[in-house]
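I am opening a notebook on a structure that is new to me. These entries record what I looked up, in the order in which I looked.

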Amino acid sequence: MKRVYNFSAGPSMLPLPVLEKAQQELPNYNDSGMSVMEMSHRSGLFTDIITQAEQLLRDLMNIPDNYKVIFMQGGASQQFAMVPMNLLTKSGKADFVNTGSWSKKAIKEAEKFGQVRVIASSEDENFTYIPKIDRSMIDPEADYVHITTNNTIEGTTFRDIPDTGDVPLVVDMSSNILSEQMDISKFGLIYAGAQKNIGPAGLTVVIIREDLIGQATETCPTMLDYKTHSESGSLHNTPPTFSIYMAKLVFEWLKELGGLKGMEEINQEKARILYEYIDESDFYLSPVKEDSRSIMNIPFVIPDRDLDGLFVRQAQARGLETLKGHRSVGGMRASIYNAMPLEGVQELINFMKEFRSEHK
Ligand SMILES: *Cc1c(COP(=O)(O)O)cnc(C)c1O
């Protein structure tokens, strides 16, 4: 069977053991005579799946009891609107940090619902660093502060989570959820589209502190109110059942690997060897400031831009897929999420060395 190392920013690779388990269980799940896709979301078998998925996620991320886990649809992009519809309801003011394309989209959407203030931005240097945030910058009356913990396109990450005091911190964690251990009590609300580190597209995970539920405006549509989903255990209407099942398999895979502690060690190692090679190569360059570098999305450039196309084509011929950089950054981008094995990164480095020796 031919499998490639897929460096796509999302949807991205899934662990092979997860795909094989799903394949094996596909036509006849647990002797039910049907696949999970054909099963009622109210059935006992599916209830077990969604309950276990939530419990596994709680264990992996060490989610405190006063937080609810919601499985829903609409992607991270829907959260750009849902967060203000539910939380921008007291003072009507929110503070945002602008660290890239996804932050900008979240800001633009929130502006439809209230007064948005950008308290820090790295746009002045093409989003190649993470600005420093301290408490004095935050409006104590703000309903929340919003950051993008990992900037998928620009390849930056918040190494330190800002202390926002009593103002809830809302984070878009789409591209680094489950990549390392984190203290969940620092956050008021976490949201993430599944297609990077959780499972197939179609599922969105929301982790919300209980006191932030039930603050939506009167006119908030039922489906866009966190209360609807938390009170019904994510079963108000038909949830993305197969994606939840796949996420459960991914969570089991992570648990076997040693949880987020084990995963974090592997992720650190993958990123370390790639950055190390880029920095010592005298050919490739990382556009990102060292203290802001992401361990999930690693953009790099070759000073001679004319070589980009050739690099991407030759890499693909070697089974190293989807390395073309985002149009706003150019060059290449290697997304090395949880499911990318260390060997995939080693293969990439081997190819980069060969390519360098031919074109240097
Ligand atoms: C991929 C991504 C999004 C968009 O997610 P959708 O689920 O496609 O809406 C938003 N924010 C970040 C940080 C992302 O990486």
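**Entry 1: Leu-178.** I began with Leu-178, which counts as buried because its relative accessibility is 1%, and buried means under 20%. I keep in mind throughout that this is a predicted model. Leu-178 sits in the loop between β8 (169-172) and β9, and I noted that its phi is positive, about 70°, although the residue is not a glycine.

**Entry 2: Phe-127.** I then turned to Phe-127, another residue that is not a glycine and yet has a positive phi, here about 60°. I found Phe-127 in the loop between β4 (115-121) and β5 (144-148). Is Phe-127 buried or exposed? With a relative accessible area of 7%, I put Phe-127 down as buried.

**Entry 3: Lys-196.** Next I consulted the UniProt record, an unreviewed entry, whose annotation "modified residue: N6-(pyridoxal phosphate)lysine" covers Lys-196. I located this lysine in the loop between β9 (189-193) and β10 (204-209). Its relative accessible area is 13%, so Lys-196 is buried. Which residues is Lys-196 in contact with, once neighbours within four places in sequence are left aside? I wrote down Ala-9, Gly-10, Ser-12, Thr-152, Ser-174, Ser-175 and Tyr-337.

**Entry 4: Gly-10 and Pro-11.** Since Gly-10 appeared among those contacts of Lys-196, I looked at the bond that follows it. Gly-10 and Pro-11 are joined by a cis peptide bond, with omega at about -10°. I placed Pro-11 in the loop between β1 (5-6) and α1 (16-25).

**Entry 5: Asn-267.** Tyr-337, also listed as a contact of Lys-196, led me to Asn-267, which is in contact with Tyr-337 as well. Leaving aside neighbours within four places in sequence, I recorded the other contacts of Asn-267 as Ser-179, Ile-295, Met-296, Ile-336 and Asn-338. Asn-267 belongs to helix α7, and I marked it as buried because its relative accessible area is 0%.

**Entry 6: Asp-279.** I stayed with helix α7, which runs over residues 259-280 and includes Asp-279. Asp-279 has a relative accessibility of 45% and therefore counts as partly exposed, whereas Asn-267 in helix α7 is buried. I noted that the side chains of Asp-279 and Arg-293 are joined by a polar contact of 3.0 Å. I also looked up how Asp-279 stands to Asn-66: the two lie 213 residues apart along the chain, and their C-alpha atoms are separated by 44 Å.

**Entry 7: the largest pocket.** How much space lies in the largest pocket? I entered about 260 Å³. Its lining is made up of 15 residues, and those nearest its centre are Phe-158, Arg-159, Asp-160, Glu-180 and Met-182. When I sorted the lining by kind, I had six charged residues, five nonpolar and four polar.

**Entry 8: the annotated domain.** Last, I went back to the UniProt record, where the unreviewed entry places the feature "domain: Aminotransferase class V" at residues 4-348. I noted that this span is 32% helix and 16% strand, and that its end C-alpha atoms lie 12 Å apart.

Key. Residues are numbered from 1 along each chain as its sequence is written. This is a predicted model: local features need pLDDT of at least 70, side-chain atom pairs count only at pLDDT 80 or more; totals for chains, interfaces and linings use all residues. Side-chain values use heavy atoms; hydrogens and water are left out. UniProt positions are given in the numbering used here, feature names are shortened, and annotations may be inferred rather than shown by experiment. Helices (H or I, at least four residues) and strands (E, at least two) are DSSP runs, numbered from the N terminus. Buried means under 20% relative accessible area, exposed over 50%, partly exposed in between (1.4 Å probe, protein chains only). Contact means heavy atoms within 4.5 Å. A polar contact is a pair of N or O atoms within 3.5 Å; within protein, one must be able to donate a hydrogen and the other to accept it, and residues adjacent in sequence count only if both atoms are side-chain atoms. On a 1 Å grid over the protein atoms alone, a cavity is a set of points where a 1.4 Å probe fits but cannot get out, and a pocket is an open set with protein on both sides within 12 Å along at least five of seven lines; lining residues have an atom within 4 Å of a point. Grid points are joined across faces, edges and corners, and a volume is the space filled by probe spheres set on the points. Ala, Val, Leu, Ile, Met, Phe, Trp, Tyr, Cys and Pro count as nonpolar, Asp, Glu, Lys and Arg as charged, and the others, Gly among them, as polar.
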